[in-house]
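Student: Could you take me through one part of this protein up close? I'd like to look at the salt bridges, and at what sits around them.

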Amino acid sequence: MKKQTDLKKLEHRRKRVRSIGIRLLLLLLFFAMAYGANNRLDVTEYTYETDALSFSFDGFRIVQLSDLHNKVFLRENEQLLREIRRLQPDIIVMTGDMIDGGTHTDIPAAELLMKQAAEIAPCYYVYGNHEHLLTQEQLTPFLEHIAEYGIHYLDNENAKVESKTGQTLTVIGIDDLSLQANILQTRADEAGDDFKILLAHEPQLLHASYAPAGVDLVFSGHVHGGQFRIPFTGKGIWAPDQGFLPRMTEGSFKVKDTTMYISRGLGNSGFPLRICNHPEIVSVTLRVVK
Ligand SMILES: [Fe+2]
C-alpha cells in the first residue's frame with residue numbers, strides 16, 4: 001500500500017516538473033521571439049522607375065530611417081550601420097520620432113545614430129510627433145549638435161540635391177505639426193518642375209494632401225507597422241491616426257502620380273514590444289527610363 005502511494009507521489013512530482021519545464025520553455029521562447037522582433041533588422045529594397053529625372057540620377061539610392069525612439073542597436077548601432085553602409089546610399093532620409101518624447105527620452109541615443117549616419121551620406125531630417133513632446137530647452141542643444149554633424153534639418157523647407165553632373169531634385173521636409181496646413185502646396189510650387197521627394201512623418205494624408213500637392217515620392221513612418229502584425233496577412237493590429245486594422249502600415253502606395261513608402265520604423269514608443277514586426281530600413285533606388 002505504501003509503495004503504491006509513493007509511486008503516485010513520484011508520478012505527481014514528475015507531472016509538476018514537466019509542467020513547470022514546459023511553462024519555462026514557452027516563456028523562454030516568448031522572450032526569444034520578442035527579442036528577435038525588436039532587434040532583427042529587415043531591409044526592404046524598392047526600385048522606383050521614372051522618366052522625370054535626368055540620367056545622372058539613375059541608380060541614385062535613398063535610405064530611410066524612421067521612428068528610432070532612442071533605440072540603440074547592439075554595440076553602438078554596429079548592426080544597423082553595417083546594413084546602411086552595405087546599401088551605399090546617396091542620401092539618408094530620417095522621417096521623424098528619432099527621439100522618444102514619452103516615457104524613455106534619451107536624446108544622446110538619437111544624436112549618436114544621426115552622427116554615425118551623417119558620416120555615411122548626407123542626411124535630411126524632419127520632426128515627427130514625438131519631437132514636439134520635448135521642451136525647447138531640450139531641442140535647442142539637440143538641433144545645435146545635429147547641425148554640427150551636418151544633418152539637414154528641414155523645418156517646412158526645401159533642399160536641393162545635386163547629382164554628380166549638377167542636375168537637381170528637391171527634398172521637401174514638412175514638420176509634423178504643419179502637415180494639415182497648406183504649407184506643403186507652397187513648398188511644392190516653389191520647387192517648380194524639379195523632381196520632388198517629400199519627407200512627412202504621417203502616412204494617412206497621402207490622398208488628402210501629398211498626392212494633390214503633386215510630389216513624386218513620399219517617405220513616411222509613424223505607424224510602427226501596426227505594432228503587432230498578424231502573420232501571413234500583411235496586416236498590423238493598430239496604428240495612431242488610423243485605429244484598428246489600419247490600411248497603411250508598411251510598403252508602397254500609389255495615388256495619381258505620387259508614390260509613398262512607409263517604414264515600419266526602428267524602435268518603439270509607449271509599448272515596448274513588436275510582434276511579427278521587425279525593425280525596418282527602407283531603401284529606394286531610382287531608375288531613369290525614357
Ligand atoms: Fe513613432
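Tutor: Let's settle one term before we start: a residue is called exposed when its relative accessible area is over 50%, buried when that value is under 20%, and partly exposed in between. F31 has a relative accessible area of 53%, so F31 counts as exposed. Keep in mind that this is a predicted model.

Here's the setting. The protein chain has six helices and 16 strands, and its C-alpha trace spans about 95 × 40 × 35 Å along the principal axes. Of the 290 residues, 50% are buried. If you take contacts between residues at least 6 apart in sequence, 73% of them join residues at least 24 apart.

F31 is part of helix α1, which covers residues 2-39. On the surface, F31 joins I20, L24, L27 and F30 in a nonpolar patch, and together they have about 510 Å² of accessible area. For the chain overall, the exposed area is about 14500 Å², with carbon and sulfur atoms supplying 56% of it.

Now for the charges. The chain carries 31 positive and 36 negative ones, and the mean positions of the two groups are 20 Å apart. A salt bridge here needs a side-chain nitrogen of Lys or Arg within 4 Å of a carboxyl oxygen of Asp or Glu; by this rule the count comes to twelve.

Start with a pair in helix α1. E11 and R14 form a salt bridge, with their closest N and O atoms 3.7 Å apart. They are three residues apart in that helix, about one turn. E11 is partly exposed because its relative accessible area is 34%, and R14 is partly exposed too, at 47%.

Next, go to helix α5, residues 183-190, where E190 and R187 are separated by about one helical turn because they are three residues apart. Their closest N and O atoms are 3.0 Å apart, and they form a salt bridge. This pair has one partner on each side of the cut-offs: E190 is exposed, with a relative accessible area of 52%, whereas R187 is buried at 17%.

The third pair isn't inside one helix. E250 forms a salt bridge with R229, and the closest N and O atoms are 2.9 Å apart. E250 lies in the loop between β13 (243-244) and β14 (251-255), while R229 lies in strand β10 (residues 229-230), so the pair ties together parts that are 21 residues apart in sequence. R229 is buried, with a relative accessible area of 8%, and E250 is partly exposed at 25%. There's a wider picture here as well: E250 and R229 belong to a network of salt bridges that also links R40, D42, R264 and E280.

While you have the structure open, check two backbone angles as well. N70 has a positive phi of about 70° although it is not a glycine. You'll find N70 in the loop between β2 (61-65) and α2 (74-87), and N70 is buried, with a relative accessible area of 6%. E76 also has a positive phi, about 55°, and is not a glycine either. E76, though, lies in helix α2 and counts as exposed, at 52% relative accessibility.

Terms used: Residues numbered from 1 in each chain as written. Predicted model: local features only at pLDDT ≥ 70, side-chain atom pairs only at ≥ 80, totals over all residues. Heavy atoms only, no water. Helix = DSSP H or I, 4+ residues; strand = E, 2+ residues; numbered from the N terminus. Buried < 20%, exposed > 50% of the residue type's maximum accessible area, 1.4 Å probe, protein only. Contact = heavy atoms within 4.5 Å. Areas by Shrake-Rupley, 256 points an atom, 1.4 Å probe, with all protein chains shown as cover. Lys, Arg positive; Asp, Glu negative; His and termini not counted. Charge placed at Lys NZ, Arg CZ, Asp CG, Glu CD. Patch = residues over 30% accessible without salt bridge, like charges linked within 9 Å, V, L, I, M, F, W, Y side chains within 5 Å.
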